[in-house]
Amino acid sequence: MTLRVDRDQAPGVAVLTLDREHRHNAIDLETAGQLSAAWRELRFDPDVRAVVLTGAGSAAFCTGIDRGVQVPQPPSPYSVDDPLLAIGPKACDLWKPVIAAVNGMACGGAFYLLGEADFLIASDSATFFDPHTTYGMVSAYEAVYMAQRMPFGEVARMSLMGTAERLSARRAHEIGLVSELTGPDGLLPAALRAAQTLAGFPTEAVQGTVRALWSAKQAALRQALAQAPALIALGNLAPERQAELFGSRRLGPEFRLR
């Protein structure tokens, strides 16, 4: 299993841990399927009333889709298969509150998950960035999800600057992307504390409030996401050219932290 589900950390709380530390918790097709299945299973579990989502280890929360994944595509310019579209809780019709506990790097496809969490708690060593433009890819779904959570100028800068910059946990907290900062050792306890509080409230009221909050943004979100496939088809370089750019990247910390 590449996704751990633990129901014993706190009463009424499930902890979902992306467990591919050796790949910076990047999501392969197996993990994508496990995430979708886990969210749908939690919909029917009356003993789980709140969820914490995190990544194994301290280096990364999630670095998006695994570069080694081969995703078969239909032979049509009007249809694109994206294995990450159903990895988030809201896409799987889960309206129990989800708290993301972000440790280390969160980038690219990680925003499909963060975009559907209800709020974020982060280690002070966490960083956020979107590598798409650096490697000749359109940031569409990722940028749209983050535009729901960040001031426009901030998400525009992060989406456009690629790997040249990373958003620090401190800056993410200043702009409201992150609701609470902790030390690395305090991250999971802080997320569990908040989740256990929510799990202790009447779950119908909590889920109704989650649904109400998301209704305020869902119409615009759906309209924006509907444009994503065409923009990706128009703007992405050929996969071979993307691979060349990715393969030629510098391995050192050649980025500005802001």
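This dialogue goes through the cysteines, the sheet and the nonpolar core.

Me: What kind of model is this, and how are residues numbered?
Reply: The model is predicted, with local features needing pLDDT of at least 70 and side-chain atom pairs counting only at pLDDT 80 or more, while totals for chains, interfaces and linings use all residues. Residues are numbered from 1 along each chain as its sequence is written, and side-chain values use heavy atoms, leaving out hydrogens and water.

Me: How many disulfides are there?
Reply: A disulfide is a covalent bond between the sulfur atoms of two cysteines. Under the rule applied, a pair of cysteine sulfur atoms within 2.5 Å, the count is zero. The sulfur of C62 lies 7.4 Å from the closest cysteine sulfur, in C107, and that is too far for a bond.

Me: Is C62 buried or exposed?
Reply: Buried means under 20% relative accessible area, exposed over 50%, and partly exposed in between, with a 1.4 Å probe and protein chains only. C62 is buried, because its relative accessibility is 0%, and C107, at 4%, counts as buried as well.

Me: Which residues touch the most other members of the largest nonpolar core?
Reply: Such a core is a set of buried Ala, Val, Leu, Ile, Met, Phe, Trp, Tyr and Cys residues joined through side-chain atoms within 4.5 Å. Of its 51 residues, those touching the most other members are L16, W39, V102, L114, L120, F128 and L177. A second, separate core of 14 residues includes L187, L192, A195 and A199.

Me: In what order do the strands of the open sheet run?
Reply: Strands are DSSP runs (E, at least two residues), numbered from the N terminus, and two of them pair if DSSP finds at least two bridges between them. Here five strands follow the order β4-β6-β8-β9-β11 with mixed pairing, and the edge strands, β4 (60-62) and β11 (256-257), each pair on one side only.

Definitions and conventions. Helices (H or I, at least four residues) and strands (E, at least two) are DSSP runs, numbered from the N terminus.
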